[in-house]
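Me: I'd like a close look at one part of this protein, a pair of packed helices, with enough of the surroundings to place it. Could you walk me through it?

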Amino acid sequence: MGFVPQVSSAPAGAPSVSPRRALPGSAFLAAARGERPTRVPVWFMRQAGRSLPEYRALREGVPMLDACFDPEMLAEITMQPVRRLGVDAAILFSDIVVPLKAAGVDIDIVPGTGPVVASPVRDAAAVRALPKLEPEQVGQVGQGVRLLVERLGETPLIGFAGAPFTLASYLIEGGPSRNHEHTKALMHSQPEVWHDLAARLADIAATFLRAQLEAGVDAVQLFDSWAGALSERDYREFVLPHSSRVLAVAGEYGVPRIHFGVGTGELLGAMREAGADVVGVDWRIPLDVAVQRLGGDVAVQGNLDPALLYASWPVLEAEVRRIVEEGRAARGHVFNLGHGVLPSVDPEVLKRVVDLVHSL
């Protein structure tokens, strides 16, 4: 592994040359670039934390967002699954609402509920009042990334941000929503307000990603967790332009870009058009079908149903083997779950899955 120190001779407004490790042996980066490494790489969404006892011990008494702004703590949590599970990539321990909190939005993560906004954003005045995110406001996250770049050795680090639609949904609804009724009503009845909000959130997400990229992350993932609530027509009109702006920022750095959402089987083609190098697929459709919908020559990520981690090993093994086989239809395949690790999953099961994938 080599390390290239940061240098910048770029003109004003252009991205500087960020620190970037040379990781020629990374199966994850190879698959994300559409290559076929000697083994199928695997990592798990929400692998950093949740099910690991060492994570719960470290986080005891520490609010979620406090942990996300503590460079040493976020670095340690990010590394825990790499040590325990042997996964092929680390994903930064953070949360999609971190940049909103950093910018000054009154938002908190309530245990058992999720992100809760003190004052929902539902009109033009509230949109105009949203603060901008300045890079220094997420400087602690950048510090954590730099610690990880030093400590991860040959393991690549994935940075991430929430996509504008999903961030907007939390702000408009005031918290998690089953139907996204206020979001859809605003989107259709006040499209100019919606596009103003989405553009501002695209700027926030892009600033957050740029901070991680400048600190040295090796890939990024844009989470549009709730985009599956939309029709393809609405996605293309109201969402795609704004997600494209965020992914374009990562494109300036030449790192692989993963785009993921839940229930997005009907949106896969549009999500790829937004600028994805790798499209994350949830468990609702087989990977080979997803590849057909994506137009063939594409890398995919996924897509084991997280609930099946509770099944008997013979059942789970058969599912893993099926997914790896279906993934061969893609130009590159990164094995993952179709969503995140559930909190009560046995880490030993995750380890067995990693070992099995690596053996196939």
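Reply: Let's start with the term we'll need: a crossing is left-handed if the near helix is turned anticlockwise from the far one by less than a right angle, and right-handed if clockwise. Keep in mind that this is a predicted model.

By that rule, α14 and α15 make a right-handed crossing. Helix α14 covers residues 313-327 and helix α15 covers residues 347-359; their axes come within 10 Å and cross at roughly 40 degrees. Angles under 35 degrees count as roughly parallel, so with its crossing at roughly 40 degrees α14 is oblique to α15.

Who does the touching? On the α14 side the contact is made by W313, L316, E317, V320, R321 and V324. Helix α15 answers with V349, R352, V353, L356 and V357. Sorted by class, the contact of α14 with α15 has 8 nonpolar residues and 3 charged ones, with no polar residues.

For contrast, take another helix pair, α9 (residues 181-189) and α10 (residues 191-215). These two pack at an angle of about 115 degrees with their axes 5 Å apart, which makes α9 roughly perpendicular to α10. From α9, the contact uses T183, L186, M187, H188 and S189, and from α10 it uses P191, V193 and W194. The class count for this contact is 5 nonpolar, 3 polar and no charged residues.

Now for the surroundings. The protein has 15 helices and 11 strands. Of the strands, 7 form an open sheet with parallel pairing, in the order β3-β6-β7-β8-β9-β10-β11. Its edge strands are β3 (90-91) and β11 (332-337), and each of them pairs on one side only.

Inside that sheet, strand β8 (residues 257-260) runs parallel to strand β9 (residues 278-280), and 2 bridges join them. One residue to click on is H259, whose bridge partner in β9 is V279. There's a helix here too: α11 (residues 232-251) lies across β7 (219-223) and β8, and runs at about 155 degrees to β8.

Zooming all the way out, the C-alpha trace spans about 55 × 45 × 40 Å along its principal axes. With 360 residues, a compact globule would have a radius of gyration near 21 Å, and the 19 Å of this protein agrees with that.

How values were computed. Residues numbered from 1 in each chain as written. Predicted model: local features only at pLDDT ≥ 70, side-chain atom pairs only at ≥ 80, totals over all residues. Heavy atoms only, no water. Axes fitted to C-alpha atoms, helices over the stretch in contact; angles between N-to-C directions. Helix = DSSP H or I, 4+ residues; strand = E, 2+ residues; numbered from the N terminus. Parallel < 35°, antiparallel > 145°, perpendicular 65-115°, else oblique. Contact = heavy atoms within 4.5 Å. Nonpolar A, V, L, I, M, F, W, Y, C, P; charged D, E, K, R; others polar. Pairing = 2+ DSSP bridges. Rg over C-alpha atoms; globule rule 2.2 N^0.38 Å.
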